[in-house]
Amino acid sequence: MSISVIIILLFMLIPLIIGFIAASKSQNTSDDYFIQGRGMGSVAAFFTVSATWWSAFAFLGSNASFYTQGPVYLTAFAWNILFGFLYFIVGKRVWFLGKKFNYVTPSDLLGDFYQSEKMRFWVTTILIISTVPYLQIQLTGGGYLIEVASGGTIPFWLAGLMFYAVIIIYVWVGGIRAVAWTDIIYGALVFFGLLFVGFYISNVVGGPFSLFEQMRAENIEHLTLPGPQGDSGYLSWISLCFITAIGAIMGPQLWLRMYAVKNGNLFNLMPFLISLVAVTYFGSLLVSWTGVLTINEIDNPDQLLPVVLYEYAPIVIATLVLAGGASAAMSTANSQIHAVSTLVTKDFYQRYKNPNASNNQLLRIGRFSILIFSLVAYLLTLFVPGFLVTIGLIGFGGSAQLIVPTLGSLFWKRSNSPGALAGLISGFVTLLLFTFIPGWQNPLGLSAGMWGLMVNVIAFVTVTLLTPPRKQNTFERFNDAMEEFESNY
Amino acid sequence: MVNRKLYVFYITATFIVLFMLESPIILIANRVEPFLLGMPFLVFWVFFWWLLCTCLFFVAYKTNWGRHSNN
């Protein structure tokens, strides 16, 4: 058995052990399982938020993008700033309202604020639809990395299956606490690993500064927008930034992490930490542009990182970083599986089927929905891989639509349910139309998600102003809560 | 007490950084020359605003974003 396979198996073992330790700490309540009884510490919260947010999309996608499209992925520095800033502005208020009114899911807040059952239903439905494709991407990316790192010893279907088995077991036993603890290890490995590797690999061409000089001499079109293929200009730049940051922060997995936090001070620190870890993209930049100078032909740009690592780095380091990449995928996937199971249990099962469900019933449904949801995603990963890139765009674009009613609930007192619903649904339909109808895709080069957001905002404001305000008692309840927030936090 | 001016300053400064990175101004910075600190100009531009904003966020945290200490 090669050293690579041993390292990978160790990586699979660590989260299992952590899962069981976390389980021993847990109190067997649904609140503990879903949002850790609102008692998550700052270190765990930071790592779980950033590891959840740093997905396979970022790990593999950043390298492929710098390699083929030039500098457009540099917009990632801005999306980390935007993401951190939104986490402070939106996240802290969501955390406060969650604590005050005992919310567990996104639709708890939005459904309560807008006093609308339809709103609850659509928020949860859109979030589940948006999360499935994004989960598939993680599993494909992770399974693929394990396959390459093991030199093909572990085939794709088995890698994917192992991935699933490990996630299911530790989420099953440990809930969000197990997810957060494993994320600490994954997060640290990915951030430091990729940055270190960037500098290490760029030494092949004489270090970062020499790298830039050689790029200027030989591949100058890689240094400015719209890149060597001429297709990644300004509109790609802003689409990527806004849809990625907003889509990620509105995803159910991040939303649960706003409720789970114990101390509100963390939200003050998060913009700094999230912004700081963007430095890791610099590692991707160095690896990719070294690849541009030294690797002539590559079949699939997503393979760039493994190819460069196995070419220029010692096998142990290469495998460690690739296993870290698989971890990035896993740490997003585990949170998504956990989050979707929470939505199904709380928003559908408890709300519509069994409002008086006991703790044990909630936990059981939560766990079984993990099993079923993971199985569906695994089968989709194996049998419809071609869908991924297209549907993946819906993932972020879909959850991003929630930002409009959310900002409305936090900052616009006049906002009401007809406006929020009109905006949300018209935005989501626009996203679907501009994604799936041939010839309509991404008009003018702006992504379907951005068009969806624009339609969403216009419909939200127009319909809100044309319809009556919310009921007085709900209005006052939230108004008082926001005043309490402003005067205390 | 809430130091309103400080809070508004942090929020405004963040918007300015995002404007520098995401508004059409980026097209003016979209150039190779001059090389600054060994980096192409666009890379330097992004790196500079990112670093500035990261430092700003750190100071903001230290001063509690000009708001209450919440314990």
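**Why the labels fit: burial, salt bridges and a chain contact**

Reader: Why does Asp112(A) count as buried?

Author: In this predicted model, the relative accessibility of Asp112(A) is 13%. Buried means under 20%, so Asp112(A) counts as buried.

Reader: What makes the pair of Arg477(A) and Asp112(A) a salt bridge?

Author: The closest N and O atoms of Arg477(A) and Asp112(A) are 2.8 Å apart. The cut-off is 4 Å, so the pair qualifies.

Reader: Which parts does that pair tie together?

Author: Arg477(A) belongs to helix α21 (residues 472-488) of chain A, and Asp112(A) to helix α6 of chain A, so the bridge ties together parts that are 365 residues apart in sequence.

Reader: Why is Arg477(A) called partly exposed?

Author: Its relative accessibility is 31%. Partly exposed lies between 20% and 50%, so Arg477(A) takes that label.

Reader: How do you know that Asp108(A) and Arg120(A) meet in a salt bridge?

Author: Their side chains come to 3.3 Å, N to O. That is within 4 Å, so the rule is met. Asp108(A) is in helix α6 (residues 106-114) of chain A and Arg120(A) in helix α7 (residues 117-149) of chain A, so this pair ties together parts twelve residues apart in sequence.

Reader: Are Asp108(A) and Arg120(A) buried or exposed?

Author: Both Asp108(A) and Arg120(A) are buried.

Reader: What makes Arg351(A) and Glu117(A) a salt bridge?

Author: Between Arg351(A) and Glu117(A) the closest N and O atoms are 2.8 Å apart, and the limit is 4 Å. Arg351(A) sits in helix α15 (residues 315-353) of chain A and Glu117(A) in helix α7 of chain A, so the pair ties together parts that are 234 residues apart in sequence. Arg351(A) has a relative accessible area of 36% and is partly exposed; Glu117(A), at 37%, is partly exposed.

Reader: How many salt bridges are there over all chains, and how many cross the interface of chain B and chain A?

Author: Over all chains there are seven. Across the interface the rule finds one. It pairs Glu33(B) with Arg216(A) at 2.8 Å, N to O. A network of salt bridges links Glu213(A), Arg216(A) and Glu33(B).

Reader: Which elements give two or more residues to the side of chain B that touches chain A?

Author: They are α1 (4-22), α2 (25-29) and α3 (41-62) of chain B. The most comes from α3(B), with ten residues. By kind, the residues on this side of chain B are 25 nonpolar, nine polar and four charged.

Reader: How many residues of each chain take part in the contact, and what area is buried?

Author: Chain B gives 38 residues and chain A gives 44 residues. About 3,600 Å² is buried between the chains, 70% of it on carbon and sulfur atoms.

Reader: How many disulfides does a search of the whole structure find?

Author: It finds zero over all chains. For Cys241(A), the nearest cysteine sulfur is that of Cys53(B), 11 Å away. The sulfur of Cys53(B) is 9.3 Å from the closest one, in Cys55(B). A disulfide needs sulfur atoms within 2.5 Å, so Cys53(B) is too far away for a bond.

Reader: Why do Cys241(A) and Cys53(B) count as buried?

Author: Cys241(A) has 0% relative accessibility, and Cys53(B) has 0%. Buried means under 20%, so the label holds for Cys241(A) and for Cys53(B).

Conventions: Residues are numbered from 1 along each chain as its sequence is written. Chains are lettered from A and ligands numbered from 1 in the order in which they are written. This is a predicted model: local features need pLDDT of at least 70, side-chain atom pairs count only at pLDDT 80 or more; totals for chains, interfaces and linings use all residues. Side-chain values use heavy atoms; hydrogens and water are left out. Contact means heavy atoms within 4.5 Å. Buried area is the accessible area (1.4 Å probe) that two parts lose on being put together, summed over both. Helices (H or I, at least four residues) and strands (E, at least two) are DSSP runs, numbered from the N terminus. Ala, Val, Leu, Ile, Met, Phe, Trp, Tyr, Cys and Pro count as nonpolar, Asp, Glu, Lys and Arg as charged, and the others, Gly among them, as polar. Buried means under 20% relative accessible area, exposed over 50%, partly exposed in between (1.4 Å probe, protein chains only).
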